[in-house]
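Here is a short walk through one protein chain, written for someone who wants to know which parts to look at and how they fit together. Have the viewer open as you read.

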Amino acid sequence: MRRILVLAGMAAAMAWGRAALGAAGDVTMSSAGPAVVMGNGVVTVRLEKGTGNIEDVAYGGKSLLGSAGYVDWVETDADDDQGKARRVPGDFSVVRSPEETGGELAEVKFHYVQGGKSPEFDVDLHYVLRRGDSGFYAFAEFSHPADYGSGTLAQSRMVLRPRAELFDRIAVDDQRIFACPPPGTPVKHLGPKESQLVTEGPFKGQIFDKYLDFVDAGDHYVHGWMGSKSHLGCWIVDGSTEDQNGGPTKQHNTAHFSQILLKILTCCHYGAAPVALEKGKAWEKLYGPWMFYVNSAPTQAGLWRDAKGKAAELRGEWPYGWMKNALYPLKAERGSVGGQLRVEDAQDGKASAAGAWVGLAAAAPDWQQQSDGYQFWVHADGEGRFTIPNVRPGTYTLYAFTDGVMDEFRRDGVEVKAGGSDGLGTLEWKPVRHGRQLWQIGVPDRSAEEFRHGDAYRQWGLPQKYAEEFPEDVTFTIGKSDARKDWNYAQPNVMRDGKWVGPTWRIEFDAGAGDLKPGEATLRLAIAAANNSSVIVGVNGKRVGQTPELPHDNAMIREGIHGQYREEDVRFDGGLLKAGRNEITLTLHTGSGELKNVMYDCVRLEVP
C-alpha cells in the first residue's frame, strides 16, 4: 500500500508538471488561488503566496522537488539574545507581469516585515522567470531601518530538497562528484552532530556531513545534484560573488546528504562575522540574483560540463541587464579598476604577483570580517596585471595577497565612479621583513595544505590521529625534517593522564657565528586557522612571548584546512641564540576541550 501511495504521488506530481509546462514560448503567470504559477515552456515554478515557499519546480513533465523550498535567516532577538530562524508569512505582490514585459519575464515579490517588540530586519524576496530560461532567478533585499532595534544577521540561505527518485549524486567541483544514500538511510550521529555514519545498506561504513562539501567562495560559481538514472541535473549558479561575506577565502556550504541543496547568502562558519547593526543605523543589501538551473544530458560528465558552461555564461552577463532594482546598479552605473602589481623582495627573487588575489573592500575591519557590504576580487595574470570590472561606485581599499609571500598589500582611498575606469598603474609591493631570514617551515599560502595530512584533510576523525602519530609531539629539525611528513597539519589539544593539555612542538636548528648579531630577532607565525587558542614561544628554554588569543574559526573540527588567516610576530633578544644547536618551542596554551587547536600556514625566523 505504501509503495502504491508513493507511486501515485509521483504520478500526480508528474502530471502537474506536464500540464503546467505547456508549449515553449512567452512567460505566463497565474496568481489565482493560494499559489502563483509561472511558466515559460521549459520550466514551471509554483510559489505559495502566503509564505513565498517554492512548492515545486517542473521540468520535462517531472516534478523536481521532494518538499517545498524556502529562504530563511537566523538573527539574534534583542529581547532574549536567542538565535531564531525566521520563516514568517510574506505579503505577495507582482513586480513585473508578463503582460507588462511582452512575455519576456515575470517578477514577483514576498515582503516580510518583522513584528514584536524589537523588529530587526525587513526582507524582500524576489523570484524572476525569463523567456527561454531553463530555470528561475531569485534575489533577496535585507534592510534595517534606522528606527529598528539592534540586530544581528548571522546566517541566511535558500534551502531546496531535490526529489530523491531523480537525483542521487552531488557535484561540488571537479574533485568532488559522488553518490549519496537516499533519505531515511539509517545513520549514527558522530561529533560534530552533522557527521553521520551510515550503519546499513550499500553505503554502510561511509561518513557523510555538510563540511565535506564546503567551498571557498572566490572561484566557486556552481554546485548541485545529478541523477544517474534520470539524466537530470539541478544547480545553484552564481554570476558574481560580490555579495558574499568574508572575501574569496570564505568557505560556504553547498549541498549535502539527505537531499539538501543550498544557496548561502551570508553565514558565520569558519569564523566569519555576522551583519551586526545598532539602533539608529540604516542598512540595506541585495543578495543575488542567483539561478536555480535545470539541465539534462546522457551522461553525468555532460551534465556537469553544461552546468559549468552555464556558470561561465552568467559571469559574462553580469550585471544582468534585465534587473530593475534600486539596489542593483547596471553596467553603465558601475566602474572598473586596473593596474599591475609587482613584488619586490630582496630576500626572495622568485616572489611574484602571478595569480595573486586582488580585491576591493571596505577599509575596515579586516576584509575576512566584512559582511555588511560588497567585495570585488579577481586573480592577477602571470605578470601581475589585473582588472576588477563591474564595481559598485564608492570608496574602497585595494587588497592583494599571493602564494609564496607572507604579508598583504594594501592601498587605501580607491575611488570608483559610475562609468569610470581607474588605472592605478604599477603598484610596488615590498613585503614586510624584520631581518634576515634564517629558515622557514611551510609556504605562505594561507593554508596548512603542504603539511602532514594537508592534502587529505576532508575526512572525519583526522585530528584524532595526532596522538597516535606524534606520541612525543612534533620535533622538526631544519635542513633534515620533511614538512610533508614531520609537521602535522594541526596542533591540537591532546588527552594525557586524564587531562586536556596543549602539546609543545620543537624546532631545532643550527646557527653559525655569522648568524649571531646583536639586536632583535623575530619569529613570524602565519596562522592558517585556530580555535580558542594562543601560542607560547620559547627560545633555548626561555619563554619569550605569547600570541594574543587567535580567531575562533573551528576549521579543524569542520574538516577545513584554513579559517581566519592572521600573522603574529614574536620578537626576542637575538642574544638568546647561540652558535651551534638551538631550539624554539611552540606550546599550545593549556586549556580544556578537544576543539582547541592551531593550524600554521608558515613559520619563519628572521634574525638581525
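## Cysteines

Cys180 is buried, with a relative accessible area of 5%. Does its sulfur have a partner, or is it on its own? The closest cysteine sulfur belongs to Cys234 and sits 12 Å away, so the gap is too far for a bond. Cys602 is buried as well, at 0% relative accessibility.

What does a search of the whole structure turn up in the way of disulfides? It finds zero.

## How far to trust the model

This is a predicted model, so a word on confidence belongs here. The protein chain averages a pLDDT of 92, and 93% of the residues score at least 70. Residues 1-23 are a weak spot: pLDDT stays under 50 there, and the model gives this stretch 26 contacts beyond four places in sequence. Another is residues 77-82, where the pLDDT is below 50 and the stretch has 12 contacts beyond near neighbours in sequence. Where pLDDT is low, the predicted coordinates should not be read in detail.

## Salt bridges

How many salt bridges does the model hold? The count comes to 31. One of them joins Glu104 to Arg131, with the closest N and O atoms 2.5 Å apart. This pair links distant parts of the chain, 27 residues apart: Glu104 is in the loop between β8 (91-96) and β9 (105-112), and Arg131 is in the loop between β10 (122-130) and β11 (135-144). Glu104 is partly exposed at 30% relative accessibility, and Arg131 is partly exposed too, at 34%.

Now look at Lys263 and Asp238, whose side chains meet in a salt bridge at 3.0 Å, N to O. Lys263 lies in strand β23 (residues 260-266) and Asp238 in strand β20 (residues 232-238), so the bridge ties together parts that are 25 residues apart in sequence. Here Lys263 is buried, with a relative accessible area of 3%, and Asp238 counts as buried at 9%.

A further pair is Glu469 with Arg452, where the closest N and O atoms are 2.9 Å apart. Glu469 is in helix α3 (residues 465-469), while Arg452 is in the loop between β33 (436-441) and α3, 17 residues apart. Glu469 is partly exposed at 28% relative accessibility, and so is Arg452 at 24%. Elsewhere, salt bridges link Asp345, Arg433, Arg524, Glu567, Asp569, Arg604 and Glu606 in a network.

## A buried charge without a bridge

Glu559 sits in the loop between β41 (542-546) and β42 (566-573). Which side chain of opposite charge is nearest to this buried residue? That is Arg458, 6.0 Å away, and Glu559 has no salt bridge. A salt bridge needs the side-chain nitrogen within 4 Å of a carboxyl oxygen, so this pair does not qualify.

Not counting residues up to four places away in sequence, Glu559 touches Ser195, Asp209, Tyr211, Leu212, Tyr457, Arg458, Gln459 and Trp460.

## Helix α2

Helix α2 (residues 300-317) has 18 residues, which at 1.5 Å a residue should span 26 Å. The end C-alpha atoms of α2 are 26 Å apart, which agrees.

Which residues of α2 are buried? They are Gly302, Leu303, Trp304, Ala307, Lys310, Ala311 and Leu314. These buried residues pack against β11, β13 (169-171), β14 (177-179), β19 (222-226), β20 and β25 (283-296). You have met β20 already, as the strand that holds Asp238.

## Two loop residues

Gly132 is in the loop between β10 and β11, the loop that also holds Arg131. In sequence Gly132 and Glu104 are 28 residues apart, and their C-alpha atoms are 8.9 Å apart in space. Leaving aside neighbours within four places in sequence, Gly132 is in contact with Asn40 and Val42.

Asp372 is in the loop between β27 (357-361) and β28 (376-379), and is partly exposed with a relative accessible area of 39%. From Asp372 to Gln244 is 128 residues in sequence but 9.5 Å in space, C-alpha to C-alpha. Beyond neighbours within four places in sequence, Asp372 is in contact with Val275, Trp283 and Lys285.

How values were computed. Residues numbered from 1 in each chain as written. Predicted model: local features only at pLDDT ≥ 70, side-chain atom pairs only at ≥ 80, totals over all residues. Heavy atoms only, no water. pLDDT = per-residue confidence, 0-100. Contact = heavy atoms within 4.5 Å. Helix = DSSP H or I, 4+ residues; strand = E, 2+ residues; numbered from the N terminus. Buried < 20%, exposed > 50% of the residue type's maximum accessible area, 1.4 Å probe, protein only. Lys, Arg positive; Asp, Glu negative; His and termini not counted. Expected span 1.5 Å × (residues − 1). Disulfide = S-S within 2.5 Å.
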